[in-house]
Amino acid sequence: GRALSDDMLVQFGIGYAPDSWEMTRNWGRQLGFSLEDMLSAGILTVKEEGAPATSAYDRFRNRLMIPIPRDTGSVVAFGARALQQDQQPKYLNSPETAIYSKSRTLYGLHLSKSAIRKAGYAVLVEGYLDLAQALQAGVTTAGASCGTAVNEQQMRLLKRFASKVIVSFDPDPAGAAAAARSGELLLAGGMQVNVAVLDEGEDPDTCIRTHGGAYYVEKLRTSQPYLGYLLDREAA
């Protein structure tokens with residue numbers, strides 16, 4: 001239903017975790033991984049902390065699977081989207097591990113870092129599918145914060161590739177608050193910051209699917225400097 005092309009699905013490595021409690025567990029064992037390895041990597045889980053590894057079962061079941069690579073391209077975690085209405089949580093992410101820290105990761109940077117360096121700016125969106133839609137629409141400088149405001153480690157990562165950021169979060173209260181916090185931190189870090197304001201009820205994903213890529217690109221082109229965005233927000 002998100003209208004992503006086959007090429008994009010391959011590029012992002014998007015897949016499926018079957019509705020099984022032990023398929024991943026059995027697959028890993030066949031490849032020679034121990035249960036302890038798979039627990040450490042976060043692809044298996046146990047009911048209670050400290051439970052024996054022999055009781056481990058698949059963490060991700062009946063979910064759309066989105067690999068999360070670090071900026072070098074190696075996969076360090078997964079984001080998993082529920083496929084049924086009553087399935088909770090809607091998004092289930094890998095836990096923090098020895099090789100994955102959410103606060104040190106910007107999703108999609110392995111695909112966009114060259115374009116960001118060349119253009120001198122990054123477009124920062126919130127979600128996995130926002131990013132996929134943006135890249136499909138030709139916004140090759142996009143990266144995703146995965147639903148949170150930018151932190152200091154992510155800012156330092158961005159500064160390696162760009163001096164300017166266009167923040168393009170959802171316009172709902174949570175997204176607007178995250179945009180404000182992110183902008184403040186990026187500005188304090190010496191970066192130029194603009195904020196792209198979308199219509200109410202839209203995120204980059206729905207904006208592109210509803211109005212087309214060119215419309216979204218125009219929203220980015222006419223994005224507001226951060227302080228102007230803050231003043232408008234306070235006035236409203």
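Contact is taken here to mean heavy atoms within 4.5 Å. In the predicted model described below, helix α5 meets that criterion against three strands, lying across β4, β5 and β6 and running at about 95 degrees to β6.

The strands β4, β5 and β6 belong to an open sheet of four strands, arranged in the order β1-β4-β5-β6 with antiparallel pairing. The edges of this sheet are taken by β1 (15-17) and β6 (91-93), each of which has a single partner strand, so that one side of each is left without a neighbour in the sheet. From one strand to the next the twist averages 35 degrees. Strand β1 pairs with β4 in the antiparallel sense over three bridges, and tyrosine 16 stands opposite leucine 64 in β4 along this pairing. The antiparallel pairing of β4 with β5 extends over seven bridges; methionine 65 is placed opposite alanine 80 in β5, and proline 69 opposite valine 75 in β5. These two strands form a hairpin with five residues between them, and glycine 73, in the turn, has a positive phi of about 105 degrees. Strand β4 is largely enclosed by the rest of the structure, because six of its seven residues are buried.

A second open sheet contains five strands in the order β8-β7-β9-β10-β11, and here the pairing is mixed. Its edge strands, β8 and β11 (224-225), each pair on one side only. Strand β7 runs parallel to β8, to which three bridges join it, and valine 125 stands opposite alanine 144 in β8. With strand β9 (residues 164-167), β7 also pairs in the parallel sense, over four bridges; in this pairing tyrosine 121 stands opposite lysine 164 in β9, while alanine 122 stands opposite valine 165 in β9. Strand β7 is mostly covered, four of its five residues being buried.

Nonpolar side chains were examined next. In soluble globular proteins, such side chains tend to be buried together. The largest nonpolar core of the model has 28 residues, of which Tyr107, Val123 and Tyr216 touch the most other members. At least two residues of this core are supplied by each of α1 (6-12), β4 (63-69), β5 (75-82), β7 (121-125), α5 (128-136), β8 (142-144), α8 (204-211) and α9 (213-221), and the largest share, six residues, comes from α5. When neighbours within four places in sequence are left aside, tyrosine 216 is in contact with Val123, Val125, Ala134, Val139, Ser168, Leu198, Pro204, Cys207 and Ile208. A second, separate core of 25 residues includes Val165, Val167, Ala180 and Val195.

Two of these named members of the second core, Ala180 and Val195, are among the residues in contact with tyrosine 226. Tyrosine 226 has its place in helix α10 (residues 226-235) and is buried, with a relative accessible area of 4%. Outside its neighbours within four places in sequence, tyrosine 226 is in contact with Ala179, Ala180, Gly183, Glu184, Leu187, Val193, Asn194 and Val195. From valine 193, tyrosine 226 is separated by 33 residues in sequence, whereas the C-alpha to C-alpha distance between the two is 5.5 Å.

Ring-ring interactions were also counted, and the total comes to five aromatic pairs. Phenylalanine 60 and phenylalanine 78 form an edge-to-face pair, with 6.2 Å centre to centre and 65 degrees between the planes. Phenylalanine 60 lies in the loop between β3 (57-58) and β4, and phenylalanine 78 in strand β5, so the pair ties together parts that are 18 residues apart in sequence. The two rings belong to residues in separate accessibility classes: phenylalanine 60 counts as buried at 4% relative accessibility, whereas phenylalanine 78 is partly exposed, with a relative accessible area of 25%, because the class of buried residues is confined to values under 20%. One aromatic cluster is formed by Phe12, Tyr91, Tyr107 and Tyr128, and Tyr107 is also one of the residues that touch the most other members of the largest nonpolar core. A charged group is placed over a ring as well, the charged end of arginine 61 sitting over the ring of tryptophan 21 at 3.8 Å from its centre.

How values were computed:
Residues are numbered from 1 along each chain as its sequence is written. This is a predicted model: local features need pLDDT of at least 70, side-chain atom pairs count only at pLDDT 80 or more; totals for chains, interfaces and linings use all residues. Side-chain values use heavy atoms; hydrogens and water are left out. A nonpolar core is a set of buried Ala, Val, Leu, Ile, Met, Phe, Trp, Tyr and Cys residues joined through side-chain atoms within 4.5 Å. Buried means under 20% relative accessible area, exposed over 50%, partly exposed in between (1.4 Å probe, protein chains only). Rings of Phe, Tyr and Trp (its six-membered ring) pair if their centres lie within 6.5 Å; planes under 30 degrees apart count as stacked, over 60 as edge-to-face and the rest as tilted. A charge sits over a ring if NZ of Lys or CZ of Arg is within 6 Å of the ring centre and within 35 degrees of the ring normal. Two strands pair if DSSP finds at least two bridges between them. Axes are lines fitted to C-alpha atoms, for helices over the stretch in contact, and angles run from 0 to 180 degrees between N-to-C directions.
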